[in-house]
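Here is a friendly walk through one protein model, written for someone who would rather be at the bench. Keep the structure open beside the text and look up each residue as it comes along.

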Amino acid sequence: SFNSKLYKSLQIIKYIRKSKEDITKYEGVKTLKDHSYCVISFILLSNQDFVSASWDHTLKVWDLNFNCLKTLIGHQDAVNGLMESNSLLFSISWDTTIRIWEISEYTCLKVVKGHSLGIYSIIKSSNMTFATGSADKTIKIWSLKDFNCIGTLLGHGSFILSLAIVQ
């Protein structure tokens with residue numbers, strides 16, 4: 001079942017390469033089980049903490065010793081993705097919002113709304129902008145300076161599940 005223990009945990013693994021030919025060895029390091037529902041995304045931040053995002057509507061901040069430092073609460077639905085930029089953590093959710101968290105204290109600085117349906121993907125598109133993709137079939141481009149929407153790309157026939165930047 002989708003609500004099994006497997007999906008509620010985050011398995012940390014270490015890649016072990018014993019020889020040039022041996023590329024299939026993995027060693028479990030730790031299983032983190034603090035979420036109450038599926039873990040969908042995680043990110044290692046520049047301060048060496050990492051953050052997991054879950055369908056339980058929360059984000060959890062972890063140190064490199066696998067201690068849960070903080071639970072970030074605010075989203076009203078599943079949290080689907082994470083992005084870091086300029087000492088800020090961005091989280092996206094099916095609740096149609098982007099939450100912007102200040103990394104040093106993990107406090108929510110701003111809640112941004114622009115999509116009419118849940119947000120599935122987020123990516124930094126330049127030093128000045130980031131983009132989000134949504135179930136509303138749009139891609140929105142946002143300013144990293146003031147977090148305002150500066151453009152909307154229309155014309156997709158279905159959900160925008162992922163985004164990539166091609167240079």
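Let us begin at a turn. The hairpin of S12 and S13 has 4 residues between its strands, and Lys137 there takes a positive phi near 70°. A word on where this comes from: this is a predicted model, in which local features need pLDDT of at least 70 and side-chain atom pairs count only at pLDDT 80 or more, while totals for chains, interfaces and linings use all residues. Residues are numbered from 1 along each chain as its sequence is written, and side-chain values use heavy atoms, with hydrogens and water left out.

The pLDDT is the predictor's confidence in each residue, from 0 to 100. For this protein the average is 86, and 81% of the residues score at least 70. Residues 1-6 are a stretch to read with care: pLDDT stays under 50 there, and the model has 8 contacts beyond four places in sequence for them. Contact here means heavy atoms within 4.5 Å.

**The loop between S12 and S13**

Strand names follow DSSP: helices (H or I, at least four residues) and strands (E, at least two) are DSSP runs, numbered from the N terminus. Asp136 belongs to the loop between S12 and S13. Is Asp136 buried or exposed? Asp136 counts as buried because its relative accessibility is 15%; the scale calls a residue buried under 20% relative accessible area, exposed over 50% and partly exposed in between (1.4 Å probe, protein chains only).

The side chain of Asp136 makes a polar contact with the side chain of Thr138, at 2.6 Å. Such a contact is a pair of N or O atoms within 3.5 Å; within protein, one must be able to donate a hydrogen and the other to accept it, and residues adjacent in sequence count only if both atoms are side-chain atoms. Leaving aside residues up to four places away in sequence, Asp136 touches His115, Ser116 and Leu117. Between the C-alpha atoms of Asp136 and Gly118 there are 7.3 Å, although these residues lie 18 places apart along the chain.

**The sheet around that hairpin**

Both strands of the hairpin belong to an open sheet of 4 strands, ordered S11-S12-S13-S14 with antiparallel pairing. Strand S11 (119-124) and strand S14 (149-153) are at the edges with a single partner strand each, so one side of each has no neighbour in the sheet. On average, neighbouring strands of this sheet are turned by 20° against each other, direction ignored; the axes are lines fitted to C-alpha atoms, for helices over the stretch in contact, and angles run from 0 to 180 degrees between N-to-C directions.

Two strands pair if DSSP finds at least two bridges between them. S12 (residues 129-134) and S13 (residues 139-143) pair in the antiparallel sense over 5 bridges. Across this pair, Phe130 stands opposite Trp142, and Thr132 has Lys140 as its bridge partner. On to the next strand: S13 and S14 run antiparallel and are joined by 4 bridges, with Lys140 opposite Thr152 in S14. The hairpin of S13 and S14 has 5 residues between the strands, and Phe147 takes a positive phi near 65°.

S13 is mostly covered, with 4 of its 5 residues buried. Ser143 is found in this strand and, at 11% relative accessibility, counts as buried. Its side chain makes a polar contact with the side chain of Asp146 at 3.2 Å. Not counting residues up to four places away in sequence, Ser143 touches Met128, Phe130, Asn148 and Ile150.

**A second sheet, and the cysteines**

Another open sheet of 4 strands has the order S3-S4-S5-S6, again with antiparallel pairing. Its edge strands, S3 (39-44) and S6 (68-73), each pair on one side only. Strand S5 (residues 58-62) runs antiparallel to S6 and is joined to it by 5 bridges, and Lys60 stands opposite Thr71 in S6.

How many disulfides are there? The count comes to 0 disulfides, a disulfide being a pair of cysteine sulfur atoms within 2.5 Å. The table sets two cysteines beside a serine, Ser162, from the segment after S14.

| Residue | Relative accessibility | Class |
|---|---|---|
| Cys38 | 2% | buried |
| Cys149 | 35% | partly exposed |
| Ser162 | 58% | exposed |

The C-alpha atoms of Ser162 and Ser134 are separated by 8.9 Å, with their positions 28 residues apart along the chain counted as the distance apart.
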